[in-house]
Amino acid sequence: MNLTHKLISSHLTAGDAVAGAPITIAIDQTLTQDSTGTMAYLQLEALGVDKVRTKRSVAYIDHNMLQSGFENADDHAYIQSVALKHGVYVSKPGNGICHQVHLERFGVPGQTLTGSDSHTPTCGGIGMLAIGAGGLDVALAMARGTLNLAMPKVVEIRLSGKLKSNVTAKDVILEVLRRLSVKGGVGKVMEYTGDGVATLSVPERATIANMGAELGATTSVFPSDARTREFLAAQGRERDFVELAADKDALYDERVDIDLGAIVPLAAAPHMPDNVVEVATLAGKKIDQVCIGSCTDSSLLTMLKVAAALKGKRVHPDVSLTVNPGSRQVLTMLADCGALSDVLASGARVLECACGPCIGMGQSPKTGAVSLRTFNRNFYARSGTASAEVYLVSPLTAAYSAIAGAFTVPPENAALEKIKLPPRFDINDNLILKPEDFEAVEVVRGPNIKPFPVGKALGDRISARVSVVTGDNITTDDIMPSNAKLLPFRSNIPYLAGFCLSTVDAEFAERAKKFGESIIVGGENYGQGSSREHAALAPLQLGVRAVIVKSFARMHRDNLINSGILPLVFENPADYDGISSGDELEIAALDAVESGRAVVKNKTRNAEFIALLPLTARQKKILRAGGTVNMIKNGDAE
């Protein structure tokens, strides 16, 4: 067996582990963060559960950190109180980014984790089966201890050799993206094997697993080995270690071979993580901003190498450099060893231990700027500045380029290879609240927290106009923008819906409201990116009844189903070309749900086409009821 099959088989509660088949797995741990957490906990309350049923659930506050109004502070108070009331640990603001902290303090090899954040697979770096999902699926996991999904295929990514001193784990995942694309991992798990794995530390593995989300993969998995044990021992958690690996004769659905020693410094050019080029081809191109951090590249190992690259140097006068360590542990240890002083002396600005500019919360570049970021996404306008050119690069490329004021290939430096993780990390968990320390918690609800929309039971037919026709690779950032102005309203879907798809079509929300009910039409890989179910809830709020596309990203399709919105796929992709905004379409909705196939009539053009709707028995129940919440209220939980 491969490692993925071992992890799934040991947690399988229903279904057959055959690629594409519906399965249910037991969930050991969950995580939420404050950008998606309010919805998850509102939904958990709606389920009427007293205490969570997982071994460990943690609520992190790490996204909406700018408190320029009452909204974010109110959300934090709500999350803290409702989480503690339901038996969930709370990581307070300032403790760090959820994925970095979870890797350090809570991740356990061999266990399962689901989180309301697409980068939950970070913990695959220590041998967890860690899967991102929409908030409702995470609420159900907390309430029932299970997760429903389609059994993924497993891709072996066999690593050989060793990274050169000027190449990092970020370059590895960029190489994978260059080969496979942002939709190359849909319906698959990326399992890393080979002799090269042993040369990578846990933080390096976590970086690779983290950005597997950009492949569209269900998750990514590394073995749990001596390097894992070393990391957990340094965190004072050696008791959590268990050795895990694929069998020597393990079978896989696909295989990719990568020689680590052959990888060179890479960059993802605007505006997609798979638009990968060699940094050498960009050398000398002037830059304006550099941001180092995010859940992808903010570990202690990363920051120590950045500090070494910056030591004794000065950031170019025309460049703004920001650095945000991934956790308070990382920041404290940087300060204690003097590395933080090297970063500050270079002219860098040190930001809070939070998601920050990666999620669009501050540090928007100037008009027309070239911004280098060690983040995971460079989607159009995600930085907050639509005219900016945002490149994804390794921390070393970022640091050396910040000094030069232009794209620079990091020099090979043997000293960097000598930087290792310490045998013991500084451990201080006083910003983690344990539910057992609190009794009779009263839930705090601010005025910005509004009820989430709920769909209506599916009728025989849907007859509605097309409210927008989009192109390929529409992201959840496109569907529901996530910037500093809008993030504070993540608990207020009625307000947030007014900005739905605004980066694609500024008139969409008003048009959808005018139509009353409508249908969205899109291209390939619709809904890629974040797990945010706001990208389904906002269209639901606006009356969207169906989305017809060439193909879907996994999490967004699941979120549409949970919301009671039909996710249809063109049988013949060429039929997409025959639809325009404003066309009136008619769908035999109930028949489509039952048969998995719909004849869609375009009444405006007197034409028709076939759309496919493959569903599990459970998903059929959900759509008939008009969403998961309605199904549960009807007493039809499964």
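# Report on a predicted protein chain

Arg 461 counts as exposed, with a relative accessibility of 51%. This residue belongs to a predicted model, and the report begins with its charged partners before turning to the chain as a whole.

## Salt bridges

Arg 461 pairs with Glu 586 in a salt bridge whose closest N and O atoms are 3.6 Å apart. The two residues link distant parts of the chain, 125 residues apart: Glu 586 sits in strand E25 (residues 584-587), whereas Arg 461 sits in the loop between strand E20 (432-433) and strand E21 (462-469). Glu 586 has 16% relative accessibility and is therefore counted as buried, the cut-off being under 20%. The pair thus brings together a buried Glu 586 and an exposed Arg 461. It is also part of a wider arrangement, a network of salt bridges that links Arg 461, Glu 584, Glu 586 and Lys 603.

A second long-range link is the salt bridge between the side chains of Asp 288 and Lys 366, at 3.4 Å from N to O. Asp 288 is in the loop between strand E14 (276-278) and strand E15 (289-292), and Lys 366 is in the loop between strand E17 (349-350) and strand E18 (370-373), so this pair ties together parts that lie 78 residues apart in sequence. Asp 288 is buried at 13% relative accessibility, while Lys 366 is exposed at 52%.

Arg 237 and Asp 240 form a further salt bridge, with 2.8 Å between the closest N and O atoms. Arg 237 is buried, its relative accessible area being 2%. As a general point, side chains of opposite charge can pair when their charged atoms come close. Over the whole structure, the search finds 30 salt bridges; the pairs described above are listed here.

| Salt bridge | N to O distance |
|---|---|
| Arg 237 and Asp 240 | 2.8 Å |
| Asp 288 and Lys 366 | 3.4 Å |
| Glu 586 and Arg 461 | 3.6 Å |

## Overall form and burial

The protein chain contains 21 helices and 27 strands. Its C-alpha atoms fill a box of roughly 70 × 55 × 50 Å along the principal axes. The radius of gyration is 23 Å, which agrees with the value near 26 Å for a compact globule of 638 residues. Of the 638 residues in the chain, 63% are buried. Among contacts between residues at least 6 apart in sequence, 77% join residues at least 24 apart.

Helix H4 (residues 98-105) gives an example of an enclosed element: eight of its eight residues are buried, so the helix is largely enclosed by the rest of the structure. The buried residues of H4 include Cys 98, Val 101, Leu 103, Glu 104 and Arg 105.

Ile 25, in strand E2 (residues 22-26), is likewise buried, with a relative accessible area of 1%. Beyond residues up to four places away in sequence, Ile 25 touches several others, among them Ile 8, His 11, Leu 12, Leu 129, Ile 131, Thr 146 and Leu 149. Ile 25 and Ala 14 are 11 residues apart in sequence, and their C-alpha atoms are 7.1 Å apart in space.

## Pockets

The largest pocket has a volume of about 950 Å³. Its lining comprises 36 residues, and those nearest its centre are Leu 149, Ala 150, Arg 557, Asp 558 and Gln 619. The elements that contribute two or more lining residues are E2, strand E8 (146-150), helix H18 (554-563), strand E24 (566-570) and helix H20 (617-625). H18 supplies the largest share, five residues. By class, the lining has 18 nonpolar, 10 polar and eight charged residues.

Leu 149 connects two parts of this account: it is in contact with Ile 25, and it is one of the residues nearest the centre of the largest pocket.

The second largest pocket holds about 440 Å³ of space. It is lined by 18 residues, of which Glu 156, Thr 193, Gly 194, Ala 245 and Ala 246 are the closest to its centre. Strand E9 (153-160) and strand E10 (188-193) each give at least two residues to this lining, and E10 gives the most, with three. The lining of the second largest pocket has nine nonpolar, two polar and seven charged residues.

Conventions:
Residues numbered from 1 in each chain as written. Predicted model: local features only at pLDDT ≥ 70, side-chain atom pairs only at ≥ 80, totals over all residues. Heavy atoms only, no water. Salt bridge = Lys/Arg side-chain N within 4 Å of Asp/Glu carboxyl O. Buried < 20%, exposed > 50% of the residue type's maximum accessible area, 1.4 Å probe, protein only. Helix = DSSP H or I, 4+ residues; strand = E, 2+ residues; numbered from the N terminus. Contact = heavy atoms within 4.5 Å. 1 Å grid on protein atoms, 1.4 Å probe; cavity = no way out; pocket = protein on both sides within 12 Å on 5 of 7 lines; lining within 4 Å. Points joined across faces, edges and corners; volume = space filled by probe spheres on them. Nonpolar A, V, L, I, M, F, W, Y, C, P; charged D, E, K, R; others polar. Rg over C-alpha atoms; globule rule 2.2 N^0.38 Å.
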